Amino acid sequence: MEPAPIVVKELRKSFGEQQVLKGIDLTVNKGEILAVLGTSGTGKSVLLKLLIGLQQPDAGSIRIRGEDIAGLQMDQLNEMRKKVGFLFQEGALYDSLTIAENVAFPLRRHTKLSDSDRSEKVHALLASVGLDKDFEKMPSDISGGMRKRVGLARALALDPEIVLFDEPTAGLDPITAAEIGKLIQKLRQERNVTSIVVTHDMHAAHHFSDRILMLKEGNILISGTFEDLEKSKDPFVAQFLSDAA
Amino acid sequence: MATPVSAATTPVQPSPDPLTLAIEWFGELGVFCSRVAKSLFTLPFEWSEFIHQLDAAGSKSLPLVALAGAATGVVLSLQSRASLTRFGAKSMLPAMIVFSIIKEMGPIITGLVASGRIGAGIGAELGSMRVTEQIDAMEASAVNPYRFLAATRILACIVVLPLLTLAADAAGILMGWVSNTLTEPISLQLFINRGLSGVSFSDFLPPTIKTAVYGLIIGTISCFQGMRTRGGTEGVGRSATSSVVLSSLFIIVADVVLVRFILVFFPA
């Protein structure tokens, strides 16, 4: 049987005296969309960065596609990273490259596509996130929402099996946010992509995720469907739900 | 990345002493250098980025370096004329200007000017990339930032510093002649012939080549300071400043050591 794409056990991470994650256990199944919620500073973004090896855990294990990433050499880690897309909170576009060059960046380095094929793929990726013009603009010349969409196109460039989204809808208008949500679901429907979506947006999480995991003070407070959360008697969960309503 | 540590909840910690900080800094610099060195032996080499950096560090620094060299030539000429005349050695002025410029003034002026122009640029650029998660995004795209960002910039600095030194030397000698000839007309050919009459291969090449070491220092320190930036835009400013200050400091120290080496291997 194929192992779950993401398996995390007893994951701990501290910054100085501050314990951010205090022993997280988490399994995300193939094709599942998991939303991770929690207040600011509860380690949601840190969790994503640990999953892709951008930060090192203090303790615990992370298995991506069956491989423990702690034991991987840099080359092996990079091979794993090619299978994982990452959308950063502010897009993290390379500000010395145009929009098209940003999306082409991973393709140029990890594929043998011809210039014309690469250009075609870049345009298709940008079209899939709702961008059909201004490809030669610089990141500083476009809006925050557009930057996020370009970042998403870049995250999807290598056809990843897993995509990690860090606040994909934050700062977006409701229509664009809904489009991003639909795109996350479309990735699952068309390519069975596994997604973890860090968000503050309970409404969005309800609509596009299969399961919601709520972090509080470095621990998992609750994990389940939106209905499970609604049944919870925990005042923190109730407050989150009421604020989102 | 948003720092996950809340200021309100973080206990106040005593600041580490300067010695501990220095040891930590050198330790991190060692790790950084080993990663960059390792990345140099991993294919493919980022040629297009390297060429872009040659342009950024080289041709864009050329006017400033040439201007600094020219000013040095003028000042040497103005300052030395009276002294040499007093000792009846006025005819030695061309040789004095050429010797001073090619042996020490040109290289050190180029190193210090480049540490300001190139070092600040690299420190600020990589610092900005760090705080806006662009370096994280590069790693997440399975691209080694030590190879793509650091190795290309360090190699570009190593290559361009000797070339910039040649430009500074040429501008210094030329403007030394201009300054001299305004007071006492002399042909450029005669000025250069007199200036170069006592100059040997060992007077010219080692001081010029030693600036490759300055390039190594500027590239390494600036990339290191930039890539370890923390703390938003304020941190970017700190990285740019520290890149210049530390590069200049290490260049001055390296200059003393390298001059001693040159004197050992190429005795006057």
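In the predicted model, chain A is divided into two domains, of which domain 1 is assembled from residues 1–83, 163–199 and 210–245, while domain 2 covers residues 98–159. The C-alpha centres of domain 1 and domain 2 of chain A lie 25 Å apart, and the contact between them takes nine residues from domain 1 of chain A and nine residues from domain 2 of chain A. On the side of domain 1 of chain A that touches domain 2 of chain A, the most is given by helix α6 (residues 174–191) of chain A, which supplies three residues. The residues on this side of domain 1 of chain A comprise four nonpolar, two polar and three charged.

Chain A contains an open sheet of six strands, arranged in the order β6-β7-β8-β3-β9-β10 and mixed in its pairing. The edges of this sheet are occupied by β6 (84–87) and β10 (219–224) of chain A, and because each has a single partner strand, one side of each is left without a neighbour in the sheet. Neighbouring strands of the sheet are turned against each other by 15 degrees on average, direction ignored.

Strand β9 of chain A can be followed through its pairing with β3(A) and with β10(A). Strand β3 (residues 33–38) of chain A runs parallel to β9(A) and is joined to it by five bridges; in this pairing, Leu37(A) has Met214(A) in β9(A) as its bridge partner. Strand β9 (residues 211–216) of chain A is in turn joined by five bridges to β10(A), with the two strands running antiparallel, and here Leu215(A) is partnered by Ile220(A) in β10(A). A hairpin is formed by β9(A) and β10(A) with two residues between them, and Glu217(A), which lies in the turn, has a positive phi of about 50 degrees.

In soluble globular proteins, nonpolar side chains tend to be buried together. The largest nonpolar core of the present model has 128 residues, and the members that touch the most others are Val36(A), Val103(A), Leu164(A) and Val197(A). The largest share of this core, 20 residues, nevertheless comes from helix α6 (residues 145–183) of chain B, while domain 1 and domain 2 of chain A each contribute at least three residues to the core. Val197(A) illustrates the surroundings of one such member: when its neighbours within four places in sequence are left aside, Val197(A) is in contact with Ile33(A), Leu34(A), Ala35(A) and Val36(A), with Phe165(A), Pro168(A) and Ile184(A), and with Ala205(A) and Ser209(A). Among these contacts of Val197(A), Val36(A) is itself one of the residues named above as touching the most other core members.

Chain B has ten helices and zero strands, so that its elements, read from the N terminus on, run α-α-α-α-α-α-α-α-α-α. The C-alpha trace of chain B spans about 75 × 45 × 35 Å along its principal axes, and 45% of the 268 residues of chain B count as buried. When contacts in chain B between residues at least 6 apart in sequence are considered, 89% join residues at least 24 apart.

Ala22(B) provides a local example from chain B, being found in helix α1 (residues 18–40) of chain B. Ala22(B) counts as exposed because it has 11 C-beta neighbours inside 10 Å, where the limit for an exposed residue is 12 or fewer. Ala22(B) and Phe50(B) are separated by 28 residues in sequence and, from C-alpha to C-alpha, by 31 Å in space.

Conventions:
Residues are numbered from 1 along each chain as its sequence is written. Chains are lettered from A and ligands numbered from 1 in the order in which they are written. This is a predicted model: local features need pLDDT of at least 70, side-chain atom pairs count only at pLDDT 80 or more; totals for chains, interfaces and linings use all residues. Domain bounds come from an automatic or database domain assignment. Two residues are in contact if their C-beta atoms, placed from the backbone, lie within 7 Å. Helices (H or I, at least four residues) and strands (E, at least two) are DSSP runs, numbered from the N terminus. Ala, Val, Leu, Ile, Met, Phe, Trp, Tyr, Cys and Pro count as nonpolar, Asp, Glu, Lys and Arg as charged, and the others, Gly among them, as polar. A residue is buried if 20 or more other C-beta atoms lie within 10 Å of its own, exposed if 12 or fewer, and partly exposed in between; C-beta atoms are placed from the backbone. A nonpolar core is a set of buried Ala, Val, Leu, Ile, Met, Phe, Trp, Tyr and Cys residues joined through C-beta atoms within 7 Å. Two strands pair if DSSP finds at least two bridges between them. Axes are lines fitted to C-alpha atoms, for helices over the stretch in contact, and angles run from 0 to 180 degrees between N-to-C directions.
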